[in-house]
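Dear colleague,

I am passing on the structure below, together with some notes on what turned up in it. Please read the notes with the model open beside you.

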Amino acid sequence: MGGAKKSTWIGGTVFIGLVIAAAAWFLAISPTMSAASEIRSEAQSTRERNELLELKVTKLRSDFEKLPEYRAELAGIQLQIPTDAMLSDYLRQLDMIAIAHSVTLTAVTPSVPQSVVLAVPAVTAPVPEATEESGSESDEAAVAPATTAGANGPAGFTAIPFSLTALGTYDNTLAFLNDLQNSTQRLFLVTGFTATAQDQQDAGSGKPATAVGDQELIITGYTYALPDALAVPPAVDPAAAPPVLPGATPGKNPLVPVAGR
């Protein structure tokens, strides 16, 4: 009888121990292990983010050390494509080239700036070969150009159309055309030119005297301007603003003359 009671107590104790162990697992140990696993994952993610940030900081530090070099490069580019039209400066450059080659510029005509549209390279697509039933030869390799579309350039990027008329000897006008493209600080894209041979003629109508063999060279092309997107706008002084004029008096005819004194 005592052995049965002892077995019952042992079984109950074991059962209670199992219940306590299960409760401890589900209520304390398992949530703690899950939280620890999440903390380890977050710590690993944080370490990875820190490593990426360290790489970015290293790259930024390297770029900052090269900042004077980048500024010099930007200044050189802005000589080719200035931040505004600067037509007066460019016209002086053209005059200097013309004088250097003994060429007379009889006309220099800039036009209204145009927004630059970037060209997209054409993509060719093969045309399906004709079958024998169609009666066409199938050994012809034909391709058809795909439709191309343009994309807008950077904000404010404009092209300024130019037309120039240069008069001088054949060699001098060609030298002027070469320097127009290659020797000026500012970029100039020649899109076309027309050369006309000249006869011997006295000076007149704004043209110098010409001899047989001289030519008139009409050149068309573009120069460009791109505003500096990083430039800081100048501060505006409120005191320098123009005064606001008073508005019209309600019900008063402004056309009625004011009586004199």
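**Ser102, Met86 and Val108**

With 57% relative accessibility, Ser102 counts as exposed, because the cut-off for that class is over 50%. Please keep in mind throughout that this is a predicted model. Ser102 sits in the loop between H3 and strand E1, the latter covering 104-110, and its phi is positive, at about 55°, although the residue is not a glycine.

Met86 is another non-glycine residue with a positive phi, in this case of about 50°. Its place is the loop that runs between helix H2 (67-80) and helix H3 (87-100). Met86 has a relative accessibility of 36% and therefore counts as partly exposed, since that class lies between the 20% limit for buried and the 50% limit for exposed.

Turning to the strand, which residues does Val108 touch once those up to four places away in sequence are set aside? The contacts of Val108 are with Leu91, Leu94, Phe162, Ser163 and Leu164; of these partners, Leu91 and Leu94 fall within the range given for helix H3 (87-100), while Val108 itself belongs to strand E1. The relative accessible area of Val108 is 29%, so Val108 is classed as partly exposed. Finally, Val108 and Ile219 are separated by 111 residues in sequence, and the distance between them in space, taken from C-alpha to C-alpha, is 9.6 Å.

With best regards

Note on methods:
Residues numbered from 1 in each chain as written. Predicted model: local features only at pLDDT ≥ 70, side-chain atom pairs only at ≥ 80, totals over all residues. Heavy atoms only, no water. Helix = DSSP H or I, 4+ residues; strand = E, 2+ residues; numbered from the N terminus. Buried < 20%, exposed > 50% of the residue type's maximum accessible area, 1.4 Å probe, protein only. Contact = heavy atoms within 4.5 Å.
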